[in-house]
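Here are some short exercises to help you find your way around. Try each task on your own before reading its solution.

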Number of protein chains: 2
Amino acid sequence: MAAITSLDGSGTALAELKPQDAGQVVHEQVYNTLRDALMSGQLAPGRALSVRRLAAEFDISAMPAREAIRRLVAVGALEMTPTRRVMIASMTADKLAQIRQARLALEPDLGTAVLAAIGDRPRQLAKLARTLESIDADLDDAIRQGDVRSYSLKNSAFHFALYRASKADVIVSLVESLWLQYGPHMRQIIGRLGTHCLADDQHKEIVASLEARDAAGLCAAIAADIRTGMNTIAAAETDAIPAT
Amino acid sequence: MAAITSLDGSGTALAELKPQDAGQVVHEQVYNTLRDALMSGQLAPGRALSVRRLAAEFDISAMPAREAIRRLVAVGALEMTPTRRVMIASMTADKLAQIRQARLALEPDLGTAVLAAIGDRPRQLAKLARTLESIDADLDDAIRQGDVRSYSLKNSAFHFALYRASKADVIVSLVESLWLQYGPHMRQIIGRLGTHCLADDQHKEIVASLEARDAAGLCAAIAADIRTGMNTIAAAETDAIPAT
DNA sequence: CAGGTTTAATTGTGATCACAATTTTAGGGG
DNA sequence: CCCCTAAAATTGTGATCACAATTAAACCTG
């Protein structure tokens, strides 16, 4: 299966997007590829997607493209116009406020769930902490180099590596839906403000609280990370965005 | 389009399920019909769904059935086995705890959002209160008559009439996903315990707090309603359920 | 009558086609 | 140069078919 080449407005890159095809059917590969692209902001808000164009991009038939699009619409990652045209959802201040509220309601508690799921297993906790530190190091590199795409990928990787350790799949799925909804918009904002505006995250505090088994501290650190990040995004005016 | 006739184990009723076909395409009608059936517990956990059987039930081709099923899987209402067979998700204690936690994290705040959305419009508030009272009256009737299906329908109608008044679509969608996930299980529990076990809901307090514009009281009432309802469901042992 | 093996039916997935509707592009008139 | 109309291209939806894999049934053997 090929990859996305010209779905983004700039026509640049994105071709190196390679799905992990292990035992997955075609429509799942398409879904995962698009999900990652949305999560990392590779697709700009307002951009239209069509079944046939997507199928041509991936060099597949229309069926798998249809199923992938349908799934992404169902989780709110893509928007459907009244005339059933599908596009990357554009952001509104109200929607962003809802996403912020829902994230604050769900994600901090996942920290508590992680500590509960790990329980009294120092090895497992240490391994998770090292994984997070490794991702965070890459993330800092991305910030230094101004690599917006790498930043987005590593930031979501950091949070979901933590969240998935909670084994709370139902809640993690809800959170993933939220991230997919604001991913494209976040990318646009960072693209304008630069990655340095997001340099002061709370990831170090998150890892420290995790290692100390400090549930309250972990919740607070996650909440603070959400607040600083979402505030940065919300503060940026939502104007002057070329619709392409 | 026909309706579901034999998807439930008993082979009874369910035929009167009539979708509101206004300007909707076929796969949307199928989706809405299945969604309502799941929300009201017409489909038992563990029951298998197949594209062709569903298509035959509705007297349509496989395509709309596929799309509806795909959508429901995406929102967690249906479960996909490793071999890609689709079935009504069965409940576990852990999943129920997650749903309870997520509901408590999201739904009470919607009460605050409703009051904020209505603002200073007494007419609109009074109209909503009357709508809720009307639904709640039907709900009490259903409880008295032991009509489990009507109870489920009216209970969800009550909550979502309230929630949708908040205009917080993003969050309401998350909540809908949660309800769809425990709907079938709730129905089973009530079917065994009887509707009277759910007679002490907090709906009267919800309406009263709404009319008094008491945001804190509204949040508390919603949270209490969730707690009592979910506790009743969680308290019932999850055993001795005929798989078919 | 029980257990395992083979056969038959069912199923998910992907491909392709037709059709009506929408969108985009041309074209023409002011 | 702009706006409105008409033609062409694109699009979502639904239907149908083929194929491999899984599931259910039948069967036989002991």
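**Exercise 1.** Work out how many residues chain B and chain A each bring to their contact.

*Solution.* Start by counting each side: chain B brings 21 residues and chain A brings 21 residues, where two residues are in contact if their C-beta atoms, placed from the backbone, lie within 7 Å. Next, look at the elements on the chain B side: α3 (62–74), α4 (93–118) and α7 (169–193) each supply at least two residues. Helices here are DSSP runs of H or I with at least four residues, strands are runs of E with at least two, and both are numbered from the N terminus. Of the elements on this side, α4(B) gives the most, with eight residues.

A word on the model: it is predicted, with local features needing pLDDT of at least 70 and side-chain atom pairs pLDDT 80 or more, while totals for chains, interfaces and linings use all residues. Residues are numbered from 1 along each chain as its sequence is written, and chains are lettered from A and ligands numbered from 1 in the order in which they are written.

**Exercise 2.** Find the strand order of the open sheet in chain B, then its edges.

*Solution.* First, read the order of the three strands: β1-β3-β2, with antiparallel pairing; strands pair if DSSP finds at least two bridges between them. Then check the edges: β1 (48–49) and β2 (78–80) of chain B each have a single partner strand, so one side of each lacks a neighbour in the sheet. Finally, zoom in on β1(B) and β3 (86–88) of chain B, which are joined by two bridges. B:Leu49 has B:Val86 as its bridge partner.
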